[in-house]
Amino acid sequence: GGTITIWSPNMTVPLVKMLCHRGPVNSLAVDQSGRYLVTIGSDKQMKVWDVRTYKLLHAYFCSAPAKSVEISQRGLVGISWGSRVQVWKD
């Protein structure tokens with residue numbers, strides 16, 4: 001668990017396989033520019049990745065394992081679990 005695979009439509013093999021979390025990845029989102037990827041996992045972490053280099057930029061701990069993540073047009077990151085929502089900026 002914890003691995004995501006990034007594919008290109010023109011390739012028959014993955015571009016990269018990334019070990020993102022210590023446990024299952026619950027959700028991921030890519031920003032509008034295609035530059036940043038945000039993942040959330042059952043390990044109670046939210047991670048921000050650079051899609052061009054596949055490098056981890058930031059890692060944050062959440063109070064509970066989030067179930068979904070979205071990135072707004074203004075770059076705000078929203079995560080949710082149960083009936084709760086948290087919004088992150090920068």
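This report looks at one small sheet, a buried Asp and two residues with an unusual backbone angle. Keep in mind that the structure is a predicted model.

**The sheet**

Let's start with strands 7, 8 and 9. They form an open sheet in the order 7-8-9, and the pairing is antiparallel. Strand 7 covers residues 68–71 and strand 9 covers 84–88; both stand at the edges with a single partner strand each, so one side of each has no neighbour in the sheet. On average, neighbouring strands here are turned by 20 degrees against each other, if you ignore direction.

Now zoom in on one pair. Strand 7 is joined to strand 8, residues 77–81, by 4 bridges, and the two run antiparallel. If you want a spot to find on the screen, try Val 69, which stands opposite Ile 79 in strand 8.

**A buried charge**

Next, go to the loop between strand 4 (36–41) and strand 5 (45–50), where you'll find Asp 43. Does Asp 43 count as buried or exposed? Asp 43 is buried, and yet it has no salt bridge. The nearest side chain of opposite charge belongs to Lys 47, and that is 4.8 Å away. A salt bridge needs the charged atoms to be within 4 Å, so Lys 47 at 4.8 Å misses out.

What does the side chain of Asp 43 make a polar contact with, then? Its partner is the side chain of His 21, at 3.0 Å. There is also some backbone around: the nitrogen of Arg 22's backbone lies 3.1 Å from a polar atom of the Asp 43 side chain. Setting aside neighbours within four places in sequence, Asp 43 is in contact with His 21 and Arg 22.

**Two positive phi angles**

Most residues other than glycine have a negative phi. With that in mind, look at Lys 44 and Tyr 54. Lys 44 isn't a glycine, but its phi is positive. Tyr 54 isn't a glycine either, and its phi is positive too. Here they are side by side:

| Residue | Phi | Place | Relative accessible area |
|---|---|---|---|
| Lys 44 | about 65 degrees | loop between strand 4 and strand 5 | 38% |
| Tyr 54 | about 60 degrees | loop between strand 5 and strand 6 (55–61) | 30% |

How do they sit relative to the surface? Lys 44 is partly exposed, and Tyr 54 counts as partly exposed as well. Notice that the loop holding Lys 44 runs between strand 4 and strand 5, and that Asp 43 lies in the loop between those strands too.

Conventions
Residues numbered from 1 in each chain as written. Predicted model: local features only at pLDDT ≥ 70, side-chain atom pairs only at ≥ 80, totals over all residues. Heavy atoms only, no water. Pairing = 2+ DSSP bridges. Axes fitted to C-alpha atoms, helices over the stretch in contact; angles between N-to-C directions. Buried < 20%, exposed > 50% of the residue type's maximum accessible area, 1.4 Å probe, protein only. Lys, Arg positive; Asp, Glu negative; His and termini not counted. Polar contact = N/O pair within 3.5 Å; in protein donor to acceptor, adjacent residues only side chain to side chain. Contact = heavy atoms within 4.5 Å.
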